[in-house]
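Open the model in your viewer and keep the selection box handy. We'll go stop by stop, picking residues and looking at what sits there.

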Amino acid sequence: MIKGIIFDFGGTIDTNGIHWEKLLFSFYQKAGVEISNNEFHSVYVQVEKMLGNSSIIETTDTLSMTLQKKVELELLLIYSLSTRNNNNIQREQLINKIVQPALSFVKKNIEKNIPILEQLKQTYQLAMVTNYYGNVETVLKELNLIEQFSVIVESQKKGVRKPNPQIFQIALEEMRLSSEEVLVVGDSYKNDILPAQFCGCKTLWINPEKKKSNEIINRIQDVADLVVV
């Protein structure tokens with residue numbers, strides 16, 4: 001019997017299964033930044049490592065501030081490539097062209113997902129396990145999500161990152177539930193689904209590109225449709 005649900009944040013609650021790399025790449029293209037998918041992947045990974053191993057993101061940074069710092073670092077790497085010239089780029093304007101539509105996209109998703117989380121909260125203990133930069137609680141407060149979760153386990157604060165199953169074990173201990181009583185919902189098969197299954201949790205993989213099944217969903221609403229009686 002399910003008593004608790006653990007959600008991932010980035011790529012799950014905020015974007016309904018669309019990975020942030022793919023989402024940002026689409027906004028880079030719309031902003032006119034000439035970069036290939038492979039090149040952007042390399043830049044995205046480098047910046048994620050930089051942010052995960054530094055104090056660039058502060059605990060008080062909002063989502064807007066986080067995205068601005070991310071995009072600024074990505075653009076610095078993109079325009080440091082020898083085949084490009086950044087002299088004619090108005091950096092602040094370009095950052096806004098990428099950040100603002102990304103923020104708008106997230107906020108629209110969150111507005112739709114809050115009532116679903118509130119519905120689930122009436123029956124289940126809700127928790128969050130996320131690889132983030134140390135400021136996820138600030139972001140959750142900004143997005144009016146903080147009250148939905150009784151337990152928040154963030155990689156930067158716990159010193160362990162997904163896909164290490166230990167981060168899910170920490171959440172289970174704080175929830176005071178056994179793995180058999182918990183459902184894990186996430187967008188990454190590697191980071192969310194596999195380590196959660198290793199711990200013995202039930203799982204739902206949110207993946208809009210795959211056909212829905214008992215293990216795969218396309219949006220957060222599907223969680224409520226499947227588990228709420």
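Helices and strands on this tour are DSSP runs, numbered from the N terminus: helices are H or I with at least four residues, strands are E with at least two. This is a predicted model, where local features need pLDDT of at least 70, side-chain atom pairs count only at pLDDT 80 or more, and totals for chains, interfaces and linings use all residues. Residues are numbered from 1 along each chain as its sequence is written, and side-chain values use heavy atoms, with hydrogens and water left out.

**Stop one: α8 and its end**

Select residues 166–175, which form helix α8. Light up Ile167, Phe168, Ile170, Ala171, Leu172 and Met175: these are buried, meaning under 20% relative accessible area, with exposed being over 50% and partly exposed in between (1.4 Å probe, protein chains only). Now show what they pack against: strands β1 (4–7), β2 (125–130), β3 (151–154) and β4 (182–186), plus helices α7 (155–158) and α9 (189–199). Contact here means heavy atoms within 4.5 Å.

Step just past α8 to Arg176, which takes a positive phi of about 60°. Most residues other than glycine have a negative phi, and most peptide bonds are trans.

**Stop two: more backbone oddities**

Back up to the loop between α7 and α8, where you'll find Pro163. The peptide bond joining Lys162 to Pro163 is cis, with omega about 15°.

Next, pick Asn16, in the loop between α1 (9–13) and α2. Asn16 isn't a glycine, yet its phi is positive at about 55°. Then jump to Asn144, in the loop between α6 (136–142) and β3; its phi is positive too, about 60°. Which of the two is buried, and which is exposed? Asn16 is buried at 16% relative accessible area, whereas Asn144 is exposed at 57%.

**Stop three: α2 on α3**

Select helix α2 (residues 20–30) together with α3. Their axes come within 11 Å and cross at roughly 120°; axes are lines fitted to C-alpha atoms, for helices over the stretch in contact, and angles run from 0 to 180 degrees between N-to-C directions. That makes α2 oblique to α3: under 35 degrees would be roughly parallel, over 145 roughly antiparallel, 65 to 115 roughly perpendicular, and the rest is oblique.

Show Trp20, Glu21, Leu24, Phe25 and Tyr28 of α2 meeting Asn37, Phe40, His41 and Tyr44 of α3. By class, that contact has six nonpolar, two polar and one charged residues. Nonpolar covers Ala, Val, Leu, Ile, Met, Phe, Trp, Tyr, Cys and Pro, charged covers Asp, Glu, Lys and Arg, and the others, Gly among them, are polar.

**Stop four: α3 on α4**

Keep α3 (residues 37–52) and add α4 (residues 63–78): the pair packs at about 130°, axes 9 Å apart. That makes α3 oblique to α4. From α3, select Phe40, Val43, Tyr44, Gln46, Val47, Glu48, Met50 and Leu51; from α4, Lys70, Leu73, Glu74, Leu77 and Ile78. This contact divides into nine nonpolar, one polar and three charged residues.

**Last stop: two cysteines**

How many disulfides does the structure hold? Zero, a disulfide being a pair of cysteine sulfur atoms within 2.5 Å. Select Cys199: its closest cysteine sulfur, in Cys201, is 5.6 Å away, too far for a bond. Cys199 counts as buried at 9% relative accessibility, and Cys201 counts as buried at 7%.
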